[in-house]
Amino acid sequence: MIKKPESLIELENIKKYFPIRGGIISKVVSSVHAVDGVTFNIRKGETFGLVGESGCGKTTTGRIIIGLEKATEGTIMFEGLDLNRIAESEVRELRRKMGAIFQDPHLSLDPRMRIGSVIREPLDIQGFVNKSEKDEAVLKILEKVRLEPSYINRFPHELSGGEKQRVAIARALINNPEFLLADEPISSVDVSIRSQILNLIKDLIEELGLTCLFISHDLSVIEYMSDRVGVMYLGRLVELAPVETLYDNPQHPYTEALLSAIPVPGERSKERIILKGVVPSPINPPSGCRFRTRCPYVSIKCSKEEPKFFEIEKDHLVACNLRS
């Protein structure tokens with residue numbers, strides 16, 4: 001009997017609604033359904049890619065996992081512990097096992113702090129008191145992100161965008177986390193060095209044995225970085241599969257459309273699927289299937305029935321009435 005890979009993180013029916021207030025007394029009049037019933041797991045040692053258009057809920061999902069947002073509903077398990085049910089002291093201990101790289105290094109680094117202090121800050125927050133050990137840890141992590149020790153005394157404004165992102169990576173990894181959230185880590189970096197940053201992150205994930213949630217709107221990047229991929233649309237997962245399976249045999253019309261947009265050298269005649277309309281508002285999402293307003297295969301059933309997320313083949317799940 002083959003043993004299933006153990007999960008580090010499990011999300012069950014996660015929802016996040018942001019209230020919209022109006023009137024003189026600021027009464028809640030509606031809500032933005034940013035994440036609306038998302039379920040998936042991240043296995044130990046894998047890189048799980050989360051992809052979709054802007055506003056689909058990718059970043060909010062990542063922020064919920066690391067505790068920057070609190071879920072409206074649902075269960076989040078980390079190493080078998082329910083983050084919504086454990087004591088705050090235990091939550092703080094678990095967060096030491098998490099690191100995060102965000103998309104804009106220009107905004108994530110305090111311009112008043114020298115780089116050494118920026119990288120050291122997580123150790124200070126977690127209560128490490130031995131200065132020599134902290135200094136040694138900073139030098140070691142600088143070496144891993146391929147920056148010279150002299151960067152310790154520089155300020156963020158003295159660094160290029162790529163160097164700033166390397167500093168952000170160093171800060172995310174200084175605590176030796178088990179889990180890394182990488183949220184669009186190259187979107188604000190110059191195109192000429194994006195591959196260097198991607199390769200650095202990929203190498204460090206392998207070297208340090210990290211489990212990673214990698215978020216991007218770029219399917220080529222997701223394919224390069226990920227072991228499994230989840231496709232999100234308007235707050236929900238529509239497909240989840242191993243990376244090779246998803247790219248070779250997409251089962252959801254939205255996934256097919258996204259993949260058709262990837263440019264392939266030498267294939268000028270490749271047919272592009274153009275989706276009609278625009279993404280509906282997350283304040284008032286469509287009934288039934290949320291993709292039905294743009295789907296080329298829409299049927300009457302799609303407006304009445306919400307598609308179930310089911311396993312179409314081993315480890316390949318899809319939410320589509322066309323496939324059920």
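Partly exposed means a relative accessible area between the buried limit, under 20%, and the exposed limit, over 50%. Glutamate 93 has 43% relative accessibility, so this residue counts as partly exposed. The views below come from a predicted model.

**Figure 1. The whole protein holds eleven helices and twelve strands.** Its radius of gyration is 21 Å, close to the 20 Å that the globule rule gives for 324 residues, so the protein is as compact as a globular protein of that length. The C-alpha trace spans about 65 × 60 × 55 Å along the principal axes. Of the 324 residues, 47% count as buried. A search of the whole structure finds 22 salt bridges. Some of them appear in the next views.

**Figure 2. Glutamate 93 and arginine 96 form a salt bridge.** Their closest N and O atoms are 3.9 Å apart. Arginine 96 has 26% relative accessibility and, like its partner, is classed as partly exposed.

**Figure 3. Lysine 97 and glutamate 178 meet through their side chains in a salt bridge.** The N to O distance is 3.9 Å. This pair links distant parts of the chain, 81 residues apart. Lysine 97 sits in the loop between helix 2 (88–95) and strand 6 (98–101). Glutamate 178 sits in the loop between helix 6 and strand 7 (179–183). Lysine 97 is partly exposed, at a relative accessible area of 26%. Glutamate 178 is partly exposed too, at 30%.

**Figure 4. Within helix 5, lysine 140 and glutamate 136 are four residues apart.** That spacing means they are separated by about one helical turn. Their side chains meet in a salt bridge, 3.5 Å from N to O. Glutamate 136 has a relative accessible area of 45%, so it is partly exposed.

**Figure 5. A network of salt bridges links Asp36, Arg236, Arg290 and Glu306.** Two of its members are the arginines Arg236 and Arg290. The others are Asp36 and Glu306.

**Figure 6. A patch of negative charge lies on the surface.** Glu223, Asp227, Glu244 and Asp248 gather here. Glutamate 223 belongs to helix 8, which covers residues 219–225. Its relative accessible area is 41%, so glutamate 223 is partly exposed.

**Figure 7. Lysine 44 lies in the loop between strand 2 (27–43) and strand 3 (47–51).** This lysine is partly exposed, with a relative accessible area of 42%. Which residue, 35 residues apart from lysine 44 along the chain, has its C-alpha atom 8.1 Å away? That residue is isoleucine 9.

**Figure 8. Arginine 146 has a positive phi, near 65°.** Most residues other than glycine have a negative phi. Arginine 146 is found in the loop between helix 5 (131–144) and helix 6 (161–173).

**Figure 9. Aspartate 315 also has a positive phi, near 70°.** Here too the residue is other than glycine. Where in the structure is the place of aspartate 315? Aspartate 315 sits in the loop between strand 11 (309–313) and strand 12 (316–319).

Notes. Residues are numbered from 1 along each chain as its sequence is written. This is a predicted model: local features need pLDDT of at least 70, side-chain atom pairs count only at pLDDT 80 or more; totals for chains, interfaces and linings use all residues. Side-chain values use heavy atoms; hydrogens and water are left out. Patches are made of residues with over 30% relative accessible area and no salt bridge: like charges are joined within 9 Å, nonpolar side chains (Val, Leu, Ile, Met, Phe, Trp, Tyr) within 5 Å. Accessible areas come from the Shrake-Rupley method with a 1.4 Å probe; for residues, only the protein chains shown count as cover. A salt bridge is a side-chain nitrogen of Lys or Arg within 4 Å of a carboxyl oxygen of Asp or Glu. Lys and Arg count as positive and Asp and Glu as negative; His and the chain ends are not counted. The place of a charge is taken as NZ of Lys, CZ of Arg, CG of Asp or CD of Glu. Helices (H or I, at least four residues) and strands (E, at least two) are DSSP runs, numbered from the N terminus. Buried means under 20% relative accessible area, exposed over 50%, partly exposed in between (1.4 Å probe, protein chains only). The radius of gyration is taken over C-alpha atoms; the globule rule is 2.2 Å times the number of residues to the power 0.38.
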